[in-house]
Amino acid sequence: MADIFGGFKEYSVAEFFKKNRQMLGFSGKVRSLTTIVHEYVTNSLDAAGEARMHPELEVWVEEVEKNERYKVRVKDNGPGIPENILGKALGMMLAGTKFHRYVQQRGQQGIGAAGCTMYSLISTGQPISVVSRHKGKKVSCKLGIDFKKNKPVLTDVVREDCGPEEHGLDVEGVFADTKYEKGGYGVGEYLKRTAIANPHATIIFNSPEGDRFVYPKSVERLPEKAEEVKPHPLGVGANDLLDIAKAAKGYTRLSAMLQNEFTRVSLNKVKELRDLVPDVNLDMSPSRLTWDDAEKLVVGFRKVKWIAPATDSVIPIGKEQIEKSLVNILNPELVYVTSRPPKIYRGGIPFVVEVGIAYGGDINKEGKGGVVMRFANRAPLLFDAGGCAITQTAKSVEWKRYEIKKFDEEPVAILVNLASVHVPYTSAGKQSVSSEDDVVEEIKNALMEAGRHVQKHLSGKRREREKSTKKKAILRYVGQISGDLAELAGEEKSKKEIEAELQKMISERFE
Amino acid sequence: MGEKETIEKLEGLGRKMVGQVKEKKSPTFETPLRSRGNIEYDNAVGFLRLGDKREERRFLNVAQARTFMQTVAVANKTKKFLIEDLHTSIRGLYYQLKFSLGENLDESLFEEQTESNALIEDLEVAMGIKREDLHLTTDRKGVVAGNMIVKDNFAGEEITINCAKQGRSGWMIPSDVDNGMEFVDVKADYVLVVEKDALWQRLNEDKFWKKDNCILITPKGQASRGTRRLIRRLADKGIPVYVFTDCDAWGWYIYWTIKTGSMNLAYLGRDFSIPEARFLGVTMADIEKFGFLKKLTIKAKPIDIKRAEEMMSYPWISAHPEWVKELKKVVKEKRKIEQDALQGKKLTFVGEYIRKKINNKEWLP
């Protein structure tokens, strides 16, 4: 992120964007379209979350030119955005409200909706259309960006009054170099998974084929609001440290900045750092921090024995919520969701792994089994599955042990949500989780816990089946043996009685 | 065992099981194990028999339900045979019970005869009754001649058979010598069991049984159940039993089966073994004793040697040093000799040989 930030000073934003579009998630036609939807949907969910309301959003994807150009519209019921910050929110790179805030959030990259605006401008030359209803005011406009100044440009502005009950943002843009796909990387799957991870939200998707998918909310309780926490020294990289140093105002000394901007950094710990990293002058101004210094400091951070950060900053989706949402959306025969306490990775970063497993029912109606749905802080991870610790760990589990004989063919869907203020992504694309030992182990344990539960269910079912076969097997002999027994005993009259008793015994024993 | 008693035993089994059902318990059937591990040789009694290991079978056990049903079917069917006073072979029984369990069921009460054969043995051993008592016949094998009168109550008719007046063919030993058979007059100093029919015919032609006042029997190889029972019944009258076979492991084992019973039929125990039987020959020692025999030996095949070695491993045989000596000779010299070879010098030598052996008490235990 330091590169992105620093990049602004040297290149025009457009040029920067073109050079770095891959990093921002705009690589490949299918992925670009999903990224655009992701940015808008994320903003909508976060906005509703901050306003403590149930998000209701509707997404339209329309084909303008097949496999080339698509129109995307996202409408939400959030608080809307007032006109004075509308441009900043949607038309200024890295100006999102969440950048530099250490809150457990979905996107974390802050490229957000402004990135989409830019993509639209670069790929089609068209600004995006926005309608914002906020506190009784309705603003409609076209929104573009002046690349040279990195400033938003609002045109065709129409201001109206509206009722206070009308609120929300409605954004629409046309994006070229995109492609709509039905499969696992497409917008449809992305929204379905988003709905699964956000059972408090209602999500509607109108596909280019004219299908309408409705995922109604399945829980009333809103997710807990993520608390803003200061970063922990173990949770930052050199780039993060540089960002913080550049954004921090009013510090004459780096040491003071560390103590105030980070959690668990005391005067004593600063002293320890001075000894551990003598090359870096902790008395200099934070603005003079270089990449080299930042790297050395991060290495130093790892050597200090820190008090772990508070674990209450980690907010899982919740056992009950995931259960309801898996039932609601996948309609399986069995659902089990783990509920595990927070763990720590890299010696100090708290995280929670949630695993939900759904088996049978409607799951492999389309004939494909063994789906692993990855999430980081509720955001679905669709791409780079191969390199992701979640996928790798899920594949490494011996599902056979849990009565799932062929994972890839059976009607089983697994949800893994990794919740943490610092999700260890493998790259800036933020689509896969890196193989941190503690994280991998916890994912594995959670998967096995879920596996054991499925095993119990499946072996119970198998036993039932076996019992019923056994029952049938013995029952077919009852007629013959009853007649023979009665005759053998010289009690021909008791045949019926013997038969009834035997049938009763068998039914009771093999029920 | 009388027929009434057998019927009573079978009904008792049925009543026990019906009682269990009425008490809401699975019917059970207890039987001694017939596996090798439960076969023991009792030196005190001198025959092979089953040990104390027993198994309990339950109808309400999926693995045993079918067999259980079949066992009851066999018991009931044989009870009917007894009541109707009809006999059949075990194959006849199998066909009586080979029917479908139901119109829509692709399963018969019995599919293979081997299924019913095993169950007959189960019933015999569990109930302490012989298959002959269940009116199940076995193939007849074995012929007898001698001063013996038998009354045979058969098919509603009583026939008197004089075994001294059967001419060249002798009286064929029936499969059941117990039910409906009465030995009214037996006059004999001993019983002579001759392995081969050819030698029996030789001795019959020589009027050997008349001259020596013995009962001459040939089992024609391994003794059938009926032949073993006949020898047993004669021995029960206090008549000594001598056995005369080929000089090889196979012939000797015919003797041992008569004497101690066999592993397969160990469950039959005393009723089918004659521990007091003695072995006359032919022995390896005879080859030395009777010079002409030396030239009449045959080379023993590897399988003969193997069998001899096996016999040495049986504790009831290896307990006798005389037998170990004989068997070791077979293994060492790799020769064997047929009892027919005794006719090599002159045909009537066979009789002389037997007389000499008995008079000089030249037998093996």
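This is a guided tour of a predicted model with chains A and B, going from one selection to the next.

**Stop 1: the two chains**

Start by colouring by chain and switching on the cartoon. Chain A has 14 helices and 14 strands, while chain B has 13 helices and 17 strands. Now colour by burial. Of the 511 residues in chain A, 44% count as buried; for chain B, with its 365 residues, the figure is 39%.

If you like contact maps, this is a good moment to draw one for each chain. In chain A, 73% of the contacts with a separation of 6 or more come from residues 24 or more positions apart. In chain B, 72% of contacts between residues at least 6 apart in sequence join residues at least 24 apart.

**Stop 2: strands E1 and E2 of chain A**

Select residues 69–76 of chain A, which form strand E2, and show the side chains. Which residues point to the buried face? They are A:Tyr70, A:Val72, A:Val74 and A:Asp76. On the other face you will find A:Arg69, A:Lys71, A:Arg73 and A:Lys75, which are not buried. This is a pattern worth recognising: in a regular strand the side chains alternate between the two faces of the sheet.

Next, add residues 56–65 of chain A, strand E1. Eight bridges join E1(A) to E2(A), and the two run antiparallel. To check the register, pick A:Glu63 and look across to its bridge partner in E2(A), A:Tyr70. The hairpin made by these strands has three residues between them, and A:Asn67 takes a positive phi there, near 55 degrees.

E2(A) has another partner to show: select residues 168–176 of chain A, strand E6. These two strands also run antiparallel, joined by seven bridges. A:Lys71 stands opposite A:Val174 in E6(A).

**Stop 3: on to E7 and E8 of chain A**

Keep E1(A) on screen and add strand E7, residues 202–206. Do E1(A) and E7(A) pair in the parallel or the antiparallel sense? They pair in the parallel sense, over five bridges. The bridge partner of A:Val59 in E7(A) is A:Phe205.

The side chains of E7(A) alternate too: A:Ile203 and A:Phe205 point to one face and are buried, while A:Thr202, A:Ile204 and A:Asn206 point to the other and are not. Stay with A:Phe205 and add strand E8 of chain A, residues 212–215; there the bridge partner of A:Phe205 is A:Phe213. E7(A) and E8(A) pair in the antiparallel sense over four bridges. They form a hairpin with five residues between them, and A:Gly210 in the turn has a positive phi of about 95 degrees.

**Stop 4: the nonpolar cores**

Centre the view on A:Ile414, A:Val416 and A:Leu418, the residues with the most contacts inside the largest nonpolar core, which has 117 residues. Around A:Ile414, show A:Val355, A:Ile357, A:Val371, A:Val372, A:Met373 and A:Ala394; A:Ile414 touches each of these. A second, separate core has 57 residues, including B:Val143, B:Val193, B:Leu216 and B:Tyr255.

**Stop 5: a sheet and a helix in chain B**

Move to chain B and look for an open sheet of three strands, in the order E9-E8-E11, with antiparallel pairing. E9 (157–162) and E11 (181–186) stand at the edges with a single partner strand each, so one side of each is left without a neighbour in the sheet. From one strand to the next, the twist averages 20 degrees. E8(B), residues 148–154, is joined to E9(B) by six bridges, and B:Lys151 stands opposite B:Thr160.

Then select helix H13 of chain B, residues 349–359, where B:Val350, B:Tyr353, B:Ile354 and B:Lys357 are buried. Look down the axis of H13(B): its buried residues fall within an arc of 95 degrees, so they line one face of the helix. Their cover includes strands E12 (190–194), E14 (241–244) and E15 (278–281) and helix H5 (197–205) of chain B. After the helix comes B:Lys361, with a positive phi near 55 degrees.

**Stop 6: where the chains meet**

Finally, show both chains together. The contact takes 22 residues from chain A and 27 from chain B. On the side of chain A, the elements that give two or more residues are helices H13 (437–488) and H14 (495–509). H13(A) gives the most, with 12 residues. Colour that side of chain A by residue type to see 11 nonpolar, four polar and seven charged residues.

How values were computed
Residues numbered from 1 in each chain as written. Chains lettered and ligands numbered in written order. Predicted model: local features only at pLDDT ≥ 70, side-chain atom pairs only at ≥ 80, totals over all residues. Buried ≥ 20, exposed ≤ 12 C-beta atoms within 10 Å, placed from the backbone. Arc of directions from axis to C-beta. Contact = placed C-beta atoms within 7 Å. Nonpolar A, V, L, I, M, F, W, Y, C, P; charged D, E, K, R; others polar. Pairing = 2+ DSSP bridges. Axes fitted to C-alpha atoms, helices over the stretch in contact; angles between N-to-C directions. Core = buried A, V, L, I, M, F, W, Y, C linked by C-beta atoms within 7 Å. Lists of a residue's contacts leave out its neighbours within four places in sequence.
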